[in-house]
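Subject: Structure handover

Dear colleague,

Here is the structure I promised to pass on. My notes on it follow below the entry.

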Amino acid sequence: MRVFIAIQLPSPIIDELLRLQDTFRRNRRRGNLTSPQNLHLTLAFIGDVDSAVLERVDEVLEQVEIPELTLTLDHVGSFDRKDGVLWWVGLKPDPRLMAFQRQLIDKLRDANVPYDPKPFRPHLTLVRHYAPASEPVMLPRVQPLTFTSHAVTLMRSHRVQDELVYTPLAIYMAREEFR
Ligand code: 2AM
């Protein structure tokens, strides 16, 4: 099973991300827009695991101190990937988010759980494999938008009738003493 750890988004944030996607939807020669139910913030990508590793991931998520985090989306950016350009919405730098993500991957490593070691660049993917129909690429303007995260979700990534689907496997709540 292919899994990752993420923060899910409240619906007003998803609505705003869909609005920001419109710019790419309107001017697209190519590009896969993230479906609303797949929009999330990845904290750690683990990849394919067997049930023994999945159990260790669960133990880590039960033990790690999950904080409530107040996060703000405030800019658009891109990654040049082998398979094309990926556009995302980024978060205002947040030391508590960075510290929590570091703690999480340290615990995964201590538990002998493999994870993608790329540096953490918090982002919400809007569109993959993007190429515009006409240049220049007009970027949407992001009005800063804040939300509070109260939990972390273990997600499964799989394909259903050729559609990429992310399904929550378990939700781990932030605890009051870690606020
Ligand atoms: P992305 O949107 O920038 O591709 C599920 O694939 C989630 O895990 C996505 O949010 C994806 O980020 C993230 N992710 C991080 N590292 C990954 C990797 N090596 N392979 C696939 N997805 C990865």
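Is Thr153 buried or exposed? Thr153 counts as buried, because its relative accessibility is 2% and the cut-off for buried is under 20%. Please keep in mind throughout that this is a predicted model. Thr153 belongs to strand β8, and its side chain makes a polar contact of 3.2 Å with the side chain of Gln8.

The ligand

The shell around the ligand holds 13 residues, of which His40, Thr42, Asp116, His123 and Thr125 come nearest. Three side chains can be listed with their distances to an oxygen atom of the ligand:

- His40: an N or O atom of the side chain is 2.7 Å from a ligand oxygen.
- Thr42: the corresponding distance, again from a side-chain N or O atom to a ligand oxygen, is 2.6 Å.
- Arg81: a ligand oxygen is 2.8 Å from an N or O atom in this side chain.

On its own the ligand exposes 460 Å², and the protein buries 80% of that area. The ligand sits in the largest pocket. Two or more residues of the shell come from each of the elements β1 (2-8), β3 (40-48) and β6 (123-131). Sorted by class, the shell has five charged, four polar and four nonpolar residues.

Backbone geometry

Three places in the backbone are worth a look when you open the file. As background, most residues other than glycine have a negative phi, and most peptide bonds are trans.

The peptide bond from Glu135 to Pro136 is cis, and its omega is near -5°. Pro136 is in the loop between β6 and β7 (145-149). At 55% relative accessibility Pro136 counts as exposed, since the cut-off for exposed is over 50%. Between the C-alpha atoms of Pro136 and His75 there is a separation of 18 Å, with their positions 61 residues apart along the chain.

His129 is not a glycine, yet its phi is positive, at about 50°. This residue lies in strand β6. His129 has a relative accessibility of 22% and therefore counts as partly exposed, the class between under 20% and over 50%.

Asp162 also has a positive phi without being a glycine, with a value near 70°. The position of Asp162 is in the loop between β8 (151-160) and β9 (163-173). With a relative accessible area of 65%, Asp162 is exposed.

Buried positions

Besides Thr153, I noted three further residues with their surroundings.

What does the side chain of Thr72 contact? Thr72 and Thr146 are joined through their side chains by a polar contact of 2.8 Å. Thr72 is part of strand β4 (residues 69-81). Its relative accessible area is 14%, so Thr72 is buried.

Where is Ile105? Ile105 is in helix α3 (residues 95-110). Ile105 counts as buried because its relative accessibility is 9%. In sequence Ile105 and Val60 are 45 residues apart, while their C-alpha atoms are 9.5 Å apart in space.

Val53 is in helix α2 (residues 51-63). Val53 has a relative accessible area of 12% and so is buried. Val53 and Asn112 are 59 residues apart in sequence, and the distance from C-alpha to C-alpha is 8.2 Å.

Summary

For quick reference, these are the points to check in the viewer:

- Ligand site: the ligand is in the largest pocket, and 80% of the 460 Å² that the ligand exposes when taken alone is buried by the protein.
- Cis peptide: the bond from Glu135 to Pro136.
- Positive phi outside glycine: His129, at about 50°, and Asp162, near 70°.
- Side-chain polar contacts: Thr72 with Thr146, and Thr153 with Gln8.

Regards

Key:
Residues are numbered from 1 along each chain as its sequence is written. Side-chain values use heavy atoms; hydrogens and water are left out. A residue is near a molecule or strand if one of its heavy atoms lies within 4 Å of it. A polar contact is a pair of N or O atoms within 3.5 Å; within protein, one must be able to donate a hydrogen and the other to accept it, and residues adjacent in sequence count only if both atoms are side-chain atoms. Accessible areas come from the Shrake-Rupley method with a 1.4 Å probe; for residues, only the protein chains shown count as cover. On a 1 Å grid over the protein atoms alone, a cavity is a set of points where a 1.4 Å probe fits but cannot get out, and a pocket is an open set with protein on both sides within 12 Å along at least five of seven lines; lining residues have an atom within 4 Å of a point. A molecule sits in a cavity or pocket if more than half of its atoms lie within 2 Å of its grid points. Helices (H or I, at least four residues) and strands (E, at least two) are DSSP runs, numbered from the N terminus. Ala, Val, Leu, Ile, Met, Phe, Trp, Tyr, Cys and Pro count as nonpolar, Asp, Glu, Lys and Arg as charged, and the others, Gly among them, as polar. Buried means under 20% relative accessible area, exposed over 50%, partly exposed in between (1.4 Å probe, protein chains only).
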